[in-house]
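Got your viewer open? Let's take a walk through this one together, selecting a few residues at each stop.

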Amino acid sequence: MKLFEIIREIESALTEAAEIAADNGGVIPDDLVEYIDSLEYDKERKIEAWAGWCVSEKRAIKAKKEFIESMREQVDIMERNLDRSKDLLLHYTKGIPFKFPAFSIGRRADKRTVIDDIDRVPDQFKTYKVSAKIDNREVFQRLNDYATEAGAPLETVVTASLNDIKKAISEGVEVEGAHIEDSVSMQIREYRTPMDRLERSCG
């Protein structure tokens, strides 16, 4: 029986026992007592199994969260190592392009956005991240004021939209707290199909 069925059966048996006891001077048949005891035992085992599943799931969720966090940290390390390796490769090749059967490398010139002071960056270039991104400072401020009054101010991460800032500065707009500068990086391009490789080797 399922837990709700056992509970319903216990309630029915207890009602029956109360009726018998009322008609029999408070005496309840032994077989009915044993039946109720067995139902109570089954109920406890069902509850134990259900609660045990909850405990197991809680542990599994915790383990998965720790695994995800570990993977995130590993990815961060790998990305930093990749950036350093590409910078060294750029340095030692002096930006001279090379073509290989599976990929090519070369120098890529670009401009990057540098944030000098996030507090001075205009609001239209900022994102306020709480549990979701809020691009409107007024909305964010109302939420934060409400949370502060409740004694739980929001923990926020303020970021700047680097692409929007780069576009604005490139169009002649002065963005306080940020500037763009020339950037050179190593570009590695993989050839995804045999035909790509053939075209590159012939080109």
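What follows is a tour in short stops, from the whole chain down to single residues.

**Stop 1: the whole chain**

Before you click on anything, keep in mind that this is a predicted model. Switch to a cartoon view and you should find five helices and six strands. Follow the chain along its sequence and the order reads α-α-β-β-β-β-α-β-α-β-α.

Now turn on a surface. The chain has an accessible surface of about 15,800 Å², and carbon and sulfur atoms account for 53% of that area. Of the 203 residues in the chain, 16% are buried. If you look at contacts between residues at least 6 apart in sequence, 69% of them link residues at least 24 apart.

**Stop 2: salt bridges on helix 2**

The chain has nine salt bridges, and we'll visit a few of them. Select Arg45 and Glu48, which both sit in helix 2. They are three residues apart, about one turn of the helix, and their side chains form a salt bridge with an N to O distance of 2.9 Å. Glu48 counts as partly exposed because its relative accessible area is 49%.

Keep Arg45 selected and add Glu44. These two form a salt bridge as well, with 4.0 Å between the closest N and O atoms. Are Arg45 and Glu44 buried, exposed or somewhere in between? Arg45 is partly exposed, because its relative accessibility is 32%, and Glu44 is partly exposed too, at 46%.

Slide along to Lys62 and Glu66, another pair in helix 2. Here the partners are four residues apart, again about one turn of the helix. Their salt bridge brings the closest N and O atoms to 2.6 Å. Lys62 counts as exposed, since its relative accessibility is 51%, while Glu66 is partly exposed at 46%. Back at the earlier group, salt bridges with shared partners join Glu44, Arg45 and Glu48 into one network.

**Stop 3: a negative patch**

Next, select Glu73, Asp76, Glu79, Asp83 and Asp87 and show them on the surface. Together they form a negative surface patch. Which element holds Glu73? Look in helix 2, which spans residues 30–93. Glu73 is partly exposed, because its relative accessibility is 46%.

**Stop 4: past the end of helix 2**

Click on Lys94, in the loop between helix 2 and strand 1 (98–99). If your viewer shows backbone angles, check phi: Lys94 has a value near 55°, which is positive in a residue other than glycine. Lys94 is exposed, because its relative accessible area is 68%.

**Stop 5: a nonpolar patch**

Swap to a new selection: Leu89, Ile96, Phe98, Phe100, Phe103 and Ile188. These residues make a nonpolar surface patch of about 490 Å². Leu89 is the member to pick out in helix 2. With a relative accessibility of 31%, Leu89 counts as partly exposed.

**Stop 6: Ser104 and its company**

Now find Ser104 in strand 2, residues 103–115. Is Ser104 buried or exposed? Ser104 is buried, because its relative accessible area is 14%, and the cut-off for buried is under 20%.

What does Ser104 touch, leaving aside its neighbours within four places in sequence? Show the side chains around it: Ser104 is in contact with Phe98, Lys99, Gln187, Ile188, Arg189 and Tyr191. You may recognise Phe98 and Ile188, which were part of the nonpolar patch.

**Stop 7: a loop meets a distant stretch of chain**

Finish at Arg120, in the loop between strand 2 and strand 3 (126–129). Arg120 is partly exposed, because its relative accessible area is 41%.

Add Ala178 to the selection and draw a distance between the two C-alpha atoms. Arg120 and Ala178 are 58 residues apart along the chain, yet their C-alpha atoms are separated by 8.3 Å. Then look at the contacts of Arg120: beyond its neighbours within four places in sequence, Arg120 is in contact with Glu176 and Gly177.

Definitions and conventions: Residues are numbered from 1 along each chain as its sequence is written. This is a predicted model: local features need pLDDT of at least 70, side-chain atom pairs count only at pLDDT 80 or more; totals for chains, interfaces and linings use all residues. Side-chain values use heavy atoms; hydrogens and water are left out. Patches are made of residues with over 30% relative accessible area and no salt bridge: like charges are joined within 9 Å, nonpolar side chains (Val, Leu, Ile, Met, Phe, Trp, Tyr) within 5 Å. Accessible areas come from the Shrake-Rupley method with a 1.4 Å probe; for residues, only the protein chains shown count as cover. Lys and Arg count as positive and Asp and Glu as negative; His and the chain ends are not counted. The place of a charge is taken as NZ of Lys, CZ of Arg, CG of Asp or CD of Glu. Helices (H or I, at least four residues) and strands (E, at least two) are DSSP runs, numbered from the N terminus. Buried means under 20% relative accessible area, exposed over 50%, partly exposed in between (1.4 Å probe, protein chains only). Contact means heavy atoms within 4.5 Å.
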